[in-house]
Amino acid sequence: MTEQLKNVSAMNKLYIGNLPMEADEAAVRQLFAEHNLTVADISVKRGGYAFVDFPDQSAADRAIDKLHGYSYCGLPLIVEPSVANKKIVNAPNLQSVSATQLKETSTDSSTVGGAGGGWR
């Protein structure tokens, strides 16, 4: 792995939303080139969004300033920091619950509260 890619952190990754469905990596790369923005990597996903890695934080900040709300193919772009990694890091209390545990929990809770309606 090159040194440049090792130095790209989650803080330098941006979410690019509201892209046209037909947008591909070349189109997104051209969009950034037209605005003189240097990117390290682009990953276009189905559903009209992409993740773009930048070589440093200042490049990512410039991309937000220049492209957030920019009309691209008639759609206002959403350009913001990617938070996928933060969600994983900040979720220490999540537990893996099996289907059996869920069934036991729902069975136990059905006896609480009397003869009300609900699923049986």
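Which residues of helix α2 are buried? In this predicted model, α2 spans residues 25–34, and its buried residues are V28, L31 and F32. Look down the helix axis and you'll find these buried residues within an arc of 95°, so they line one face of α2. That fits the usual helix geometry: with 3.6 residues a turn, residues three or four places apart point the same way. Now flip to the face turned away from the buried side, and you meet the exposed residues A26 and E34.

So what do the buried residues of α2 pack against? Their partners are the strands β1 (13–17), β2 (41–45), β3 (49–53) and β4 (71–72), along with helix α3 (57–67). Just past the end of α2, keep an eye on N36, which takes a positive phi of about 55°.

Next, the sheet. Four strands build an open sheet in the order β2-β3-β1-β6, with antiparallel pairing. At the edges sit β2 and β6 (78–81), each pairing on one side only. From one strand to the next, the twist averages 20°. Zoom in on β2 and β3 and you can follow their antiparallel pairing over five bridges; V44, for instance, has A50 in β3 as its bridge partner.

Finally, put the helices and the sheet together. Helix α2 lies across β1, β2 and β3, and runs at about 130° to β2. Helix α3 lies across β1 and β6, running at about 155° to β6. Strand β1, then, has both α2 and α3 lying across it.

Notes
Residues are numbered from 1 along each chain as its sequence is written. This is a predicted model: local features need pLDDT of at least 70, side-chain atom pairs count only at pLDDT 80 or more; totals for chains, interfaces and linings use all residues. Side-chain values use heavy atoms; hydrogens and water are left out. Buried means under 20% relative accessible area, exposed over 50%, partly exposed in between (1.4 Å probe, protein chains only). Helices (H or I, at least four residues) and strands (E, at least two) are DSSP runs, numbered from the N terminus. The arc is that of the directions from the helix axis to the C-beta atoms. Contact means heavy atoms within 4.5 Å. Two strands pair if DSSP finds at least two bridges between them. Axes are lines fitted to C-alpha atoms, for helices over the stretch in contact, and angles run from 0 to 180 degrees between N-to-C directions.
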